[in-house]
Amino acid sequence: MTGTSFEIVGAHETDCGKAAVKKKWWQGKPLLSMIVLLVIFSGCICAEIVMTKDPVYMDLLNYNKAPGREFLFGTDTMGRDIFSMIWYGGRISLLIGILSTVISVFIAVVIGSFSGISPQWLDNLIMRFTEIFLSIPSLLLVVLLQAILGKANILSLSVVIGLTSWTSIAKVIRTEVRQIKSSEYVLASRCMGGGFFHILWRHLAPNFVSSIMFMVVMNVRSAIISESTLSFMGIGLPVEVISWGSMLSLSEKALMTNSWWIIVIPGAFLIVTLLCLTEIGNYMRKNVNRKESNL
């Protein structure tokens, strides 16, 4: 019996199986949505290169022109080139979406983290206020705040949308902070005199940032929807400020003149952008859930 070697049956097969199951880096990723979104973002950022005409110039001799060789996407009721307006206005819509998301995420991080490390009574008080704020329809709050601020512009819309879209992210951050606030490195930092923002930046944020990234992407999407809805209702950006929402606000005139391209083309760009953001956000959410289930 000496010198007899034993071999684990199926070891090689298991290794081969693992190699066969191993996925390529692109499998499972929303590559199409990423590529389409990158093209739209690039076109909006480099609008001056993409545009064929001045987007604000009103060519009254060519109003309501159908898509053709000179006007690729046609013209609106004021004679403006829709192809150029798409890229120029998309920059405004995306700017509002990103700026309002930065504002809402900052508020959510501060309130959620402060609530998470606070005593129980103060944490309950902040969460009750957050839940009351969350129960009010966000669109109603946006309309109310915008009415208080007066005539809408890019900055006021971004601030108003940011002030009304932080609650969901704050609740997630609060839950994450409650789980890690008793960690040794957090306690050590507090004992050494570390302030709230020091602990937040150095110790808390790195632990919850991955959990809220998909919500950040969804916030950009929601902000673009809010801007478009307000402009469509006539209480958002004025018509002279070009955005996808203000372009859709011309829908009534477009329907009266049977100019379908004035509604369909900006609406298609808006919907495609929102769908791409939604798919990317869902992919990030599934990744977070998968990582949590593996812990």
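Buried residues account for 43% of the 295 residues in this chain, which comes to us as a predicted model. The fold is built from 13 helices and has zero strands. Read along the sequence, the pattern is accordingly α-α-α-α-α-α-α-α-α-α-α-α-α. Contacts reach far along the chain, too: among those between residues at least 6 apart in sequence, 70% join residues at least 24 apart.

Let's begin with the way some of these helices pack. Two packed helices are described by the angle between their axes and the distance between the axes. Take helix H2 (residues 31-45) and helix H4 (residues 82-117): their axes come within 8 Å and cross at roughly 110 degrees. H2 and H4 are therefore roughly perpendicular to each other. On the H2 side, the contact involves Val39, Ile40, Phe41, Gly43, Cys44 and Ile45, and these meet Trp87, Gly90, Arg91, Leu94 and Ile98 in H4. Sorted by class, the contact of H2 with H4 has eight nonpolar residues, two polar ones and one charged.

H4 has another partner in helix H5 (residues 120-135), and here the axes come within 7 Å and cross at roughly 150 degrees. H4 brings Ile111, Phe114, Ser115 and Gly116 to this contact, while H5 brings Leu122, Asp123, Ile126 and Met127. By class, the contact of H4 with H5 holds five nonpolar, two polar and one charged residues.

Further along the chain, you can look at helix H9 (residues 184-191) and H10, whose axes come within 10 Å and cross at roughly 175 degrees. That angle makes H9 roughly antiparallel to H10. From H9, Tyr185, Val186, Ser189 and Arg190 meet His198, Ile199, His203, Leu204 and Asn207 in H10. The class count for the contact of H9 with H10 is four nonpolar, four polar and one charged.

Now for the aromatic residues. The structure holds seven aromatic pairs. One of them joins Phe73 and Phe269 in a tilted arrangement, 6.1 Å centre to centre with 55 degrees between the planes. This pair links distant parts of the chain, since Phe73 sits in the loop between helix H3 (47-50) and H4, and Phe269 in helix H13 (residues 261-294), 196 residues apart. Phe269 also pairs with Trp87, this time edge-to-face, at 5.5 Å centre to centre and 85 degrees between the planes. Because Trp87 lies in helix H4 and Phe269 in helix H13, the pair ties together parts that are 182 residues apart in sequence. Both Trp87 and Phe269 are buried, and the relative accessible area of Phe269 is 17%. Phe73, Phe83, Trp87 and Phe269 form one aromatic cluster. Trp87 may look familiar, as it is also among the H4 residues that meet H2.

The loop between H3 and H4 deserves a second visit, as it is also where Thr77 lies. Thr77 is buried, with a relative accessible area of 19%. Leaving out residues up to four places away in sequence, Thr77 touches Tyr63, Asn64, Leu250, Lys253 and Ile262. Of these contacts, Asn64 is found in the loop between H3 and H4 as well, and Asn64 is buried, with a relative accessible area of 18%. Its backbone is worth a look. Most residues other than glycine have a negative phi, and most peptide bonds are trans. Asn64, however, has a positive phi of about 55 degrees although it is not a glycine.

Back in the helices, Val220 has its place in helix H10 (residues 196-233). Val220 is buried, with a relative accessible area of 13%. Not counting residues up to four places away in sequence, Val220 touches Gly97, Thr101 and Leu277. Val220 and Thr278 are 58 residues apart in sequence, yet 9.8 Å apart in space, C-alpha to C-alpha.

Let's finish with helix H8 (residues 167-180). H8 has 14 residues and reaches 20 Å from its first C-alpha to its last, close to the 20 Å expected at 1.5 Å a residue. The buried residues of H8 are Thr167, Ile169, Ala170, Ile173, Glu176, Val177 and Ile180. As you look at that list, it helps to recall that an α-helix has 3.6 residues a turn, so residues three or four places apart point the same way.

Methods:
Residues numbered from 1 in each chain as written. Predicted model: local features only at pLDDT ≥ 70, side-chain atom pairs only at ≥ 80, totals over all residues. Heavy atoms only, no water. Axes fitted to C-alpha atoms, helices over the stretch in contact; angles between N-to-C directions. Helix = DSSP H or I, 4+ residues; strand = E, 2+ residues; numbered from the N terminus. Parallel < 35°, antiparallel > 145°, perpendicular 65-115°, else oblique. Contact = heavy atoms within 4.5 Å. Nonpolar A, V, L, I, M, F, W, Y, C, P; charged D, E, K, R; others polar. Expected span 1.5 Å × (residues − 1). Buried < 20%, exposed > 50% of the residue type's maximum accessible area, 1.4 Å probe, protein only. Phe/Tyr/Trp six-rings, centres within 6.5 Å; stacked < 30°, edge-to-face > 60°.
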